[in-house]
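Biologist: I'd like to go through this protein with you before I head back to the bench. Can you take my questions one by one?

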Amino acid sequence: MTVTPDRPFPADPTASAPATIIDRFVTANRVYAESFKDGGMDARPVRKVTVVACMDARLDLFAALGLELGDAHVIRNAGGVVTDDTIRSLTISQRALGTRSIALIHHTGCGLLGLTEDFRHELELEVGQRPQWAVESFVDLDGDVRQSMQRVRTSPFLPHTNDVRGFVFDVHTGLLREVH
């Protein structure tokens, strides 16, 4: 796993205790808000597309896909897998907010590769309750992209499944590779 060293961040001069990362977010937001201009954007994405991708912090989807603020809905979760909650968000995106296309993006070096459902069992032993959700781990990256595309294409809730495409993002080169 690649580890990124801590980047310096300006401390909040009004804070008496060391700032937590969330304190830093609040400080950064104040700086951001000072020059923020409401562009009058609608909640409907300009490009009528939804991207489903992994939550991995190495994926800068807006830069990698040439997106600007307001262009697309972006749904992220562990592995970028299509779960019931993903279908829920996609359904709202299409039916209420006008999207028509879906890009599914998994990536090399994903933390779910090789993780097993034993993870849930370990959690149950630790906290005394079995999680209601599945880990959705996988060993075949392309196979999982295909499974995610199939889940989208066969969902009765999604009216627009003609433009669903799946990709693997290479975290070392920044390139997308389409999965058919």
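What follows is a chat about the fold, the cores, the pocket and a few single residues.

Modeller: Before we start, this is a predicted model, where local features need pLDDT of at least 70, side-chain atom pairs count only at pLDDT 80 or more, and totals for chains, interfaces and linings use all residues. Residues are numbered from 1 along each chain as its sequence is written, and side-chain values use heavy atoms, with hydrogens and water left out.

Biologist: In what pattern do the helices and strands follow along the sequence?

Modeller: Helices here are DSSP runs of H or I with at least four residues, strands are E runs of at least two, and both are numbered from the N terminus. The protein has five helices and five strands. Read along the sequence, they give α-β-α-β-α-β-α-α-β-β.

Biologist: What share of the residues is buried?

Modeller: Buried means under 20% relative accessible area, exposed means over 50%, and partly exposed is in between, using a 1.4 Å probe and protein chains only. The protein has 180 residues, and the buried share is 33%.

Biologist: Which helix gives the most to the largest nonpolar core?

Modeller: A nonpolar core is a set of buried Ala, Val, Leu, Ile, Met, Phe, Trp, Tyr and Cys residues joined through side-chain atoms within 4.5 Å. The largest one has 21 residues, with Leu90, Ile102, Leu104 and Val152 making the most contacts inside it. Strand 1 (49-54), helix 3 (84-95), strand 3 (101-107), helix 5 (141-153) and strand 4 (164-169) each supply at least two of its residues. With four residues, the top giver is helix 5.

Biologist: Which residues does Leu90 touch, leaving aside neighbours within four places in sequence?

Modeller: Contact means heavy atoms within 4.5 Å. Leaving out those sequence neighbours, the partners of Leu90 are Thr50, Val52, Ile75, Ile102, Val152 and Leu158.

Biologist: How many residues are in the other core?

Modeller: That core lies apart from the largest one, and Val49, Leu61, Leu67 and Ala72 are among its members. Its residue count is eleven.

Biologist: What is the volume of the largest pocket?

Modeller: On a 1 Å grid over the protein atoms alone, a pocket is an open set of points with protein on both sides within 12 Å along at least five of seven lines, where a 1.4 Å probe fits; lining residues have an atom within 4 Å of a point. The lining has 21 residues, and Met55, Ala78, Gly79, Gly111 and Leu112 lie nearest the centre. Grid points are joined across faces, edges and corners, and the volume is the space filled by probe spheres set on the points. For this pocket that comes to about 390 Å³.

Biologist: How many charged residues are in its lining?

Modeller: Ala, Val, Leu, Ile, Met, Phe, Trp, Tyr, Cys and Pro count as nonpolar, Asp, Glu, Lys and Arg as charged, and the others, Gly among them, as polar. The lining has twelve nonpolar and six polar residues, and the charged ones number three.

Biologist: Is Glu136 buried or exposed?

Modeller: Glu136 lies in the loop between helix 4 (118-127) and helix 5. Its phi is positive, about 65°, although it is not a glycine. Most residues other than glycine have a negative phi. With a relative accessibility of 19%, Glu136 counts as buried.

Biologist: And what is the phi of Lys48?

Modeller: Lys48 is in the loop between helix 1 and strand 1, and is partly exposed at 44% relative accessible area. It isn't a glycine, yet its phi is positive, at about 55°.

Biologist: How far apart in space are Leu65 and Val171?

Modeller: Leu65 sits in helix 2 (residues 61-65) and is partly exposed, with 26% relative accessibility. Beyond four places in sequence, Leu65 contacts Arg47, Val51, Ile105 and Leu176. Leu65 and Val171 are 106 residues apart in sequence, and their C-alpha to C-alpha distance is 14 Å.

Biologist: Last one: what separates the C-alpha atoms of Arg120 and Gln132?

Modeller: Arg120 is in helix 4 and is buried at 15% relative accessibility. Its contacts beyond four places in sequence are Arg130, Pro131, Gln132, Trp133, Ala134 and Val135. Arg120 and Gln132 are twelve residues apart along the chain, and the separation of their C-alpha atoms is 9.1 Å.
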